[in-house]
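Visitor: I'd like to learn how to read a model like this one, feature by feature. Could you walk me through it?

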Amino acid sequence: MAEKDRIGKFLPMSETGFYILLSTLTERHGYGIMREVADMTNGRLNIGAGTIYGTLSKMEAEKLIEACGEIERRKLYKTTELGNAVLKAELARLDEMVTIGKRNMEAIK
Amino acid sequence: MNAKKMAIKWWMGCDADKIESWLEGQAQRGLRLESVAFGGNVFRFAEAEKEGCAYGIDYQPNAKSDYEALFTDDGWTLAGKNSGFYFWRKPYKGQKPLIFTDKESLIARNRRQVAFLTIILLSLLSGFGVTIRRSATNPSPYLTALIGVQTGLAIAIGAVLTAFYVSTRRLRARNS
């Protein structure tokens, strides 16, 4: 139960948070994350620099991501085990919504 | 040498978007922000090409070492920095770039300023308590004047904090 709560308190995730956490499955710095999220969503989601900075600081404090090095004064971040577990739980939640949603929409066709 | 111009503008942190629009208007008239001073209220401009230029104001009194690099990587130029305020500038055509793209980060910017103002207000109030006690035992025109100044400042900070409260409530009510 405690483990479920530990993950559950992060759900549902914001779209920005979800894609940031997804992009740090591979080590990246702030700007790399911005580019990756824009690429993943075909340019639809352009996260501002201030929003990225604030979200990364918050996620680091919540231990969803951790700093894992530095390149030219740019901190590198990576998703932690907790971050991974939160991503999995969020995916399962979204998956259930999509499955049920599709089934019910099919039924009324 | 480009001609320099100076402007003074008083504003509250929760009205940052109005200052951003004003700076953008200045850029369209050919005035590019060069520096800010005095708590972000004194603006110095240089004459430049008229251009479409977005401005973003952030408040980061404890910015980490990689803060500025993140913005410059994204094409922003630091036009001025003062008292924790960062004034970022980015020329654009078409879609206007923003430094904050969700309401949570705008609420967080308000929260950082409210935290600072609350500390100022609390230290002012504790100073106020000391002045009142001294005035009660040993009244003087100096202490009476000091009480007046402290009261005025506390009311002003209280008014700014109220404006932040209203701004944050409005942001929370927004969809995204």
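Visitor: Let's begin with the secondary structure. How many helices and strands are there in chain A?

Guide: Happy to start there. Keep in mind throughout that this is a predicted model. Chain A has 5 helices and 3 strands. Followed along the sequence, the elements of chain A give the pattern α-α-β-α-α-β-β-α. For overall dimensions, the C-alpha trace of chain A spans about 55 × 40 × 20 Å along its principal axes.

Visitor: Now for helix packing. At what angle do helix 2 and helix 3 of chain A pack?

Guide: The angle is about 110°, and the two axes are 9 Å apart. Angles from 65 to 115 degrees count as roughly perpendicular, so helix 2 and helix 3 of chain A are roughly perpendicular to each other. On the helix 2 side you will find A:Y19, A:I20, A:L22 and A:S23, which meet A:I33, A:E36, A:V37 and A:M40 of helix 3 of chain A. By class, that contact has 6 nonpolar residues, 1 polar and 1 charged.

Visitor: And how many degrees, roughly, is the crossing of helix 2 and helix 4 of chain A?

Guide: Those axes cross at roughly 70° and come within 11 Å. Helix 2 and helix 4 of chain A are therefore roughly perpendicular to each other as well. Helix 2 of chain A, residues 15-23, contributes A:T16, A:G17, A:I20 and A:L21 to the contact, while helix 4 of chain A contributes A:T51, A:I52, A:T55, A:L56 and A:M59. The class breakdown here is 5 nonpolar, 4 polar and no charged residues.

Visitor: What about backbone geometry? Which features should I look for?

Guide: As a general guide, most residues other than glycine have a negative phi, and most peptide bonds are trans. With that in mind, look at the bond joining A:L11 and A:P12: it is cis, with omega about -10°. A:P12 sits in the loop between helix 1 (2-8) and helix 2 of chain A. Then turn to A:K63, a residue other than glycine whose phi is positive, near 65°. A:K63 belongs to the loop between helix 4 and strand 2 (65-71) of chain A.

Visitor: How do I read the interface, and how much area do chain B and chain A bury between them?

Guide: The size of an interface is often given as the accessible area lost when the parts come together. Here, chain B and chain A bury about 1,500 Å² between them, with 51% of it on carbon and sulfur atoms. On the chain B side, B:K64, B:L70 and B:D73 lose the most area to chain A, together 37% of what that side buries. In residue terms, 18 residues of chain B are in contact with 18 residues of chain A.

Visitor: Last one: empty space. How many cavities of 30 Å³ or more does a search of the whole structure find?

Guide: The idea is that rolling a probe the size of a water molecule over the atoms shows where empty space is left. The search finds 1 cavity of 30 Å³ or more, and its volume is about 70 Å³.

Visitor: Which residues line that cavity?

Guide: Both chains take part: A:H29, A:G30, A:Y31, A:Y53, A:L56, A:R74, A:K75 and A:Y77 together with B:D66, B:L70 and B:D73. Two or more lining residues come from each of helix 3 (30-40), helix 4 (49-61) and strand 3 (74-79) of chain A, and from helix 2 (67-73) of chain B. Strand 3 of chain A supplies the largest share, 3 residues. By class, the lining has 5 nonpolar, 2 polar and 4 charged residues.

How values were computed:
Residues numbered from 1 in each chain as written. Chains lettered and ligands numbered in written order. Predicted model: local features only at pLDDT ≥ 70, side-chain atom pairs only at ≥ 80, totals over all residues. Heavy atoms only, no water. 1 Å grid on protein atoms, 1.4 Å probe; cavity = no way out; pocket = protein on both sides within 12 Å on 5 of 7 lines; lining within 4 Å. Points joined across faces, edges and corners; volume = space filled by probe spheres on them. Helix = DSSP H or I, 4+ residues; strand = E, 2+ residues; numbered from the N terminus. Nonpolar A, V, L, I, M, F, W, Y, C, P; charged D, E, K, R; others polar. Axes fitted to C-alpha atoms, helices over the stretch in contact; angles between N-to-C directions. Parallel < 35°, antiparallel > 145°, perpendicular 65-115°, else oblique. Contact = heavy atoms within 4.5 Å. Buried area = accessible area lost by both parts, 1.4 Å probe.
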